[in-house]
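Hi everyone, thanks for making time this morning. I'd like to walk you through one chain, so please have a look at the screen before I start talking.

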Amino acid sequence: MNYRKLSLFLLLLIGLLTACSVYFASRLRFDYNFENFFPKGDPDLAYFLSYRDKFGNDNDYLLIGLENQGSLFEQPFLTKVDSLTSFMQRQPHVEAVLSPTTVKSPIIEQFGYFEIPYLHVAEPERYEQDSVAIYTSRELVGTLFSENARAVSIFVQTSDNLGKEASDTLMAALNGKLAQLQLQESHVAGKALAQSVFVDKMKIELAIFMSASILLVILFLWITFRTAWGVLVPLVVVLLSVLWAMGVMGLFNKPIDVMTMLLPTILFVVGMSDVIHILSRYITELGNGMEKLPALKITVKEVGMATFLTSLTTSIGFLTLLTTAIVPIRNFGLYTAIAIGLAYVLAFTLLPAILILIKKPNPVRARRVDFSWPILLGRMLRFVLQHPKEILVSSFAIIVISLAGISQIKVDTTLLEDLGDDDPILQDFRYFEDNFSGVRAFEMHLIAAKGHSMYDLEVLHEVEKLERYLTHTYGLNFITSPASVVKTINRAQNGGLDDYFKLPESKRGLQQVKQRLQAFRNRSELRSLVTADAAEGRLTGKMKDIGSAAATVQNDSLRSYIRQHINPDFLHTRLTGSSILLDKNNAYVTKNMMQGLLIAFGVIALIVGLVFRSLRMVVISLIPNVIPLLMIGGLMGFMGVNMTVSISIIFTIAFGIAVDDTIHFLSKLKLELLAGKSLPYAVKRTFISAGKAIIITSCILVAGFLTLVLSTFDATFYVGLFVSLTLLFAVVADLYLLPVLILLFYKHPRK
């Protein structure tokens, strides 16, 4: 067979596929939409989508906070607020603007309907009177006006499901206007901001991760092989695998989001593992005096199966993420698994083809590079053989301490959990929590009982009871509902006096309110709270982001209150909204993580069982890979890191990658045992032979994942930190604990 021609043909075919990958990869786009993290297939999601069709989205808004160093009742400051309000009202993609300078108190008299501004911006002599009117109106304080009378908030309702381009346009216009007005202090929060800023952050961080990974890998490759081809050839192979993976995503029109942003970096370091194992074995054979072709054949024969199994187990580790209900995590798992398969194919096609075509490396140099490793590994093995009891006792102590840490882990999620405490976006969100009603949306579906409408007095009294509970017990800072609309109209019909901000006391008074509501039925504010037939309503509000764990407890208490105090003969309710759906992810975190790990454990057990035909060896192989996971769980507990959806994937990812070293070790051990070696001698040969590649690949993997700690996203930071530590703990366990377990507990059947 003419291997040179075959290699040239392979390079031509790979070149054509690479050109196709470049075309499809060029179609990739970046995307950030937190609604993608809603649990797909959940009945509450279907209910929320139906609810949203009736009343609108609870998340399509921008909050603009403006603060003055003195009192907010200063004309220059209020003039700027009014100018910004007018500017935002004219912007595309803006549906409505609620501002302190435009909010008005309705007055209904015998001769007509009037709206009196709460603020008379152009008349500073009326500011004192205005301040009294504002701070005696409960619905304004904490929403449009801060309690300390130094800041105001503008609420901007944006178009439904605003995309990245529209968000960029809106934010650019807003930032330009804020710069022009030269306000002393301003803060912005909302979906359009996150849509715009998060995508830009992802682009920057992807470039940083890849650059840092490439530099680190080049450094390790040079230290390992000390030749230009030993650096360039692996880089070409792995970079092409990254490009192919991006091409597959482009082919299926999948965007790069906050999860798949990790794919290129993970693939780069994981794909390098296969290449290092192949090259290390190839150079070892060349150093022993073999020619290129025989050296390649024996390399493929001895490394091929082990590398196939490690690629399979790593892919399965990522495929277990398909058990989750969160679409971005499912996509991340699927496309990373596909990418790892592509990297394996390239490692055993492109790499051998290049090695056949390039000049044979200098065998003397190859021997020199490989010379010091047997000495180092021999010393390590000597330590293992001299201290088996100490190693076992230390391992048991680590397990006990780790379990103590795991018991302290809390499952909790916040709206902006991915952002670090110093991130400007998170600080702006906290500004609204500290000075206004908060950013966490609250939504409750109100359904009038059969034979009643939302405007029946009995139904309204039930809604009012809910409002009182939500305000005084639940912690809601701002509420709008059909009852609050009726109270507003009742106040308007009684001269705008705050004493009448209550439900009408008589059916005659309610009838007058209903007549006025009939006249207002086409106004958007009313349509977003009550359906046209008045059979259904919406109770909406804002509160502080207390976290999903605390919110779940409060929601359980709320449901208990409703069962005991709300009369079902008049009113039925159901909690819904984007916050509820994100909270529900907590229920999936532990379940999905355990499902993924059990599947991964099962696959590894099956592979080891097929190779060794021994249940005892299955248990032995799992122990060095379970202990690092326990250690990471313990560290998370002691560090106070909450278990979130994004962080829960660390365990399945880390296990799928960490087990590779165990498989390489056991595969080499199997070959030595098949060659007739005794168990102790086979362990020694395996340790010396496979130890080098295991240490090198682990160093590259740890260094590659450590680049993720440069991220400003907390979830990415923790993935980088904890996966790196898991791999570090795993290589120590494979080189120190695994040989002890094999020698003490595995009984090899002698032929």
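Let me begin with a question for the room: what percentage of the 751 residues of the chain count as buried? The figure is 56%. Please keep in mind as we go that this is a predicted model.

Now the general layout. The chain has 24 helices, along with 10 strands. If you take the C-alpha trace and lay it along its principal axes, it spans about 105 × 55 × 45 Å.

On to the charged pairs. The count of salt bridges comes to 18, and I've picked a few to show you. One of them joins the side chains of Arg440 and Asp583, with 2.4 Å from N to O. Those two residues come from distant parts of the chain: Arg440 sits in strand E7, residues 440-448, and Asp583 in helix H20, residues 578-612, which puts them 143 residues apart. Both Arg440 and Asp583 are buried.

Stay with strand E7 for a moment, as Glu443 lies there too. Glu443 makes a salt bridge with Arg538, and their closest N and O atoms are 2.8 Å apart. Arg538 belongs to strand E9, residues 536-543, so this pair ties together parts that are 95 residues apart in sequence. Are these two partners buried or exposed? Glu443 is buried, because its relative accessible area is 2% and the cut-off for buried is under 20%. Arg538 is buried as well, at 8%.

The next pair is Lys487 with Glu464, a salt bridge whose closest N and O atoms are 3.5 Å apart. Here Lys487 is in helix H16, residues 482-492, while Glu464 is in helix H15, residues 457-474, and the two are 23 residues apart. Again, Lys487 and Glu464 are both buried. This pair also has company: Glu464, Glu467, Arg468 and Lys487 are linked in a network of salt bridges.

Let's move to the pockets. I'd like to show you the second largest pocket, which holds about 590 Å³ of space. It is lined by 26 residues, and those closest to its centre are Arg281, Thr284, Lys668, Ser689 and Ala690. Which helices supply at least two residues each to that lining? They are H8 (263-287), H9 (292-319), H12 (363-386), H22 (645-674) and H23 (679-706). H23 gives the most, with 8 residues.

Now out to the surface. Leu6, Phe9, Leu13 and Leu17 form a nonpolar patch there, and together they have about 350 Å² of accessible area. Leu6 is found in helix H1, which covers residues 3-25. With a relative accessibility of 38%, Leu6 counts as partly exposed.

A last word on cysteines. How many disulfides does the structure hold? The count is 0. Two cysteines you may want to find on the screen are Cys20, partly exposed with a relative accessible area of 43%, and Cys699, partly exposed at 34%.

To pull the salt bridges together once more: strand E7 supplies Arg440, the partner of Asp583 in helix H20, and also Glu443, which pairs with Arg538 in strand E9. Thanks for listening, and I'm happy to rotate the view for anyone who would like a second look.

Definitions and conventions. Residues numbered from 1 in each chain as written. Predicted model: local features only at pLDDT ≥ 70, side-chain atom pairs only at ≥ 80, totals over all residues. Heavy atoms only, no water. Patch = residues over 30% accessible without salt bridge, like charges linked within 9 Å, V, L, I, M, F, W, Y side chains within 5 Å. Areas by Shrake-Rupley, 256 points an atom, 1.4 Å probe, with all protein chains shown as cover. Salt bridge = Lys/Arg side-chain N within 4 Å of Asp/Glu carboxyl O. Helix = DSSP H or I, 4+ residues; strand = E, 2+ residues; numbered from the N terminus. Buried < 20%, exposed > 50% of the residue type's maximum accessible area, 1.4 Å probe, protein only. Disulfide = S-S within 2.5 Å. 1 Å grid on protein atoms, 1.4 Å probe; cavity = no way out; pocket = protein on both sides within 12 Å on 5 of 7 lines; lining within 4 Å. Points joined across faces, edges and corners; volume = space filled by probe spheres on them.
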